[in-house]
Amino acid sequence: GGKARSAKGAPMSKGVWLETLSWPEAKEKIDALWPVIVPIGAIAKEHGAHLPLNTDYLVARELASRIADELPVIVAPVLTLGYYPAFVRYPGSQHLRPETFQALLIDVFDKLVRDGARRIAVINTGISTEAPLRIVVREFYRSTGVRVLTADIASLGKGTRALMQQQLGGHGDEAESSMILAIATVAVRMDEAVV
């Protein structure tokens with residue numbers, strides 16, 4: 001077993017990031033009906049004083065990378081702006097109106113389908129993005145016949161909740177802090193973390 005390795009011995013991914021391909025390479029993968037993963041992760045949203053604004057982006061990118069390591073998928077660029085109304089009072093936090101976020105999703109899905117994609121899945125690291133995303137997915141299926149599957153952060157990793165000391169966690173909690181410690185240790189400001 002084990003992963004395939006490059007000539008230099010580094011593990012090779014089975015999937016690809018769309019942003020690294022040329023257009024003929026993208027066409028080849030899409031024509032071969034590779035599934036497309038669309039990660040959603042805020043690039044600038046409050047996560048407490050100890051975590052960076054790009055926490056959701058880091059998680060979305062890591063989850064998508066791990067899927068691409070194991071499966072022949074195309075990973076679309078991370079959608080970095082979304083509907084985050086609870087965070088508008090925090091300096092630096094970015095937010096789109098729900099209709100703008102929904103239009104963004106429709107445009108991204110529509111272009112993928114026009115390119116030939118028929119299997120699309122979303123990794124969504126936001127909570128407030130769930131409702132607008134569900135509306136778009138339902139309407140997109142109704143209008144195109146293409147089903148977009150979703151995996152929301154709230155449902156991912158439920159089995160690990162019993163391991164957390166902070167049972168009533170939430171945004172910027174022990175679980176999110178643990179993920180960023182594992183993904184980008186130096187990004188966590190431990191001196192600002194509240195235990």
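This is a selection-by-selection tour of a predicted model.

**Whole chain**

Begin with the protein coloured by secondary structure. Five helices and five strands make up the secondary structure of the protein. Followed along the sequence, they give the pattern β-α-β-α-β-α-β-α-β-α. Of the 195 residues, 38% count as buried. The accessible surface of the protein is about 11,200 Å², and 58% of that belongs to carbon and sulfur atoms. Among contacts between residues at least 6 apart in sequence, 69% join residues at least 24 apart.

**Strand β2**

Select β2, residues 36-40. Five of its five residues are buried, so the strand is mostly covered. Turn the view to look at each face of β2 separately. Val36, Val38 and Ile40 lie on one side, Ile37 and Pro39 lie on the other, and all of these are buried.

Now add the partners of β2. With β3, the pairing is parallel and runs over two bridges. Ile37 has Val75 as its bridge partner in β3. With β4, the pairing is also parallel, and five bridges join the two strands. Two positions are worth labelling here: Val36 stands opposite Ile120 in β4, and Ile37 stands opposite Ala121 in β4.

Show helix α2, residues 55-70, as well. Together β2, α2 and β3 form a right-handed β-α-β unit.

**Strand β4 and its other neighbour**

Move to β4, residues 120-124. Four of the five residues of β4 are buried, so the strand is largely enclosed by the rest of the structure. Add strand β5, residues 148-152, which runs parallel to β4 and is joined to it by five bridges. In β5, Leu149 is the bridge partner of Ala121. The chain passes from β4 through α4 to β5, and this β-α-β crossover is right-handed.

**Glu130**

Stay with helix α4 and pick Glu130, which is placed in that helix. Is Glu130 buried or exposed? Its relative accessibility is 13%, so Glu130 counts as buried. Leaving out residues up to four places away in sequence, Glu130 touches Asn124, Asp152 and Ala154. Show these three residues as sticks together with Glu130.

**The largest nonpolar core**

Next, show side chains for Val38, Ile40, Leu105, Phe109 and Ile120. Of the 29 residues in the largest nonpolar core, these five touch the most other members. Which elements each supply at least two residues of this core? They are α1 (23-31), β2 (36-40), α3 (98-115), β4 (120-124) and α4 (130-144). Helix α3 gives the most, with five residues.

A second, separate core has 18 residues, including Trp17, Tyr57, Val73 and Ile153.

Return to Ile40 and display what surrounds it. Apart from its neighbours within four places in sequence, Ile40 is in contact with Ala60, Val78, Leu79, Tyr84, Phe101, Leu105, Val122, Ile123, Asn124, Thr125 and Leu133.

**Helix α1**

Select α1, residues 23-31, and look down the axis. Ala26, Lys29 and Ile30 are the residues to highlight, and they are buried in this helix. Why do these residues lie on the same side of α1? They cover an arc of only 100° around the axis, which puts them on the same side of the helix. An α-helix has 3.6 residues a turn, so residues three or four places apart point the same way.

To see what covers the buried residues of α1, add β1 (16-17), β3 (74-75) and α3, which are among the elements that do so. Then step off the end of the helix to Leu33. Just after α1, Leu33 takes a positive phi of about 65°.

**The end of the chain**

Finish with Val194, in the segment after α5 (174-183). Val194 counts as exposed because its relative accessibility is 80%. Add His50 to the selection and compare the C-alpha atoms. Val194 and His50 are 144 residues apart along the chain, and their C-alpha atoms are separated by 8.3 Å.

Methods. Residues numbered from 1 in each chain as written. Predicted model: local features only at pLDDT ≥ 70, side-chain atom pairs only at ≥ 80, totals over all residues. Heavy atoms only, no water. Core = buried A, V, L, I, M, F, W, Y, C linked by side-chain atoms within 4.5 Å. Buried < 20%, exposed > 50% of the residue type's maximum accessible area, 1.4 Å probe, protein only. Contact = heavy atoms within 4.5 Å. Pairing = 2+ DSSP bridges. Right-handed = clockwise from strand over helix to strand, strands pointing away. Arc of directions from axis to C-beta. Areas by Shrake-Rupley, 256 points an atom, 1.4 Å probe, with all protein chains shown as cover.
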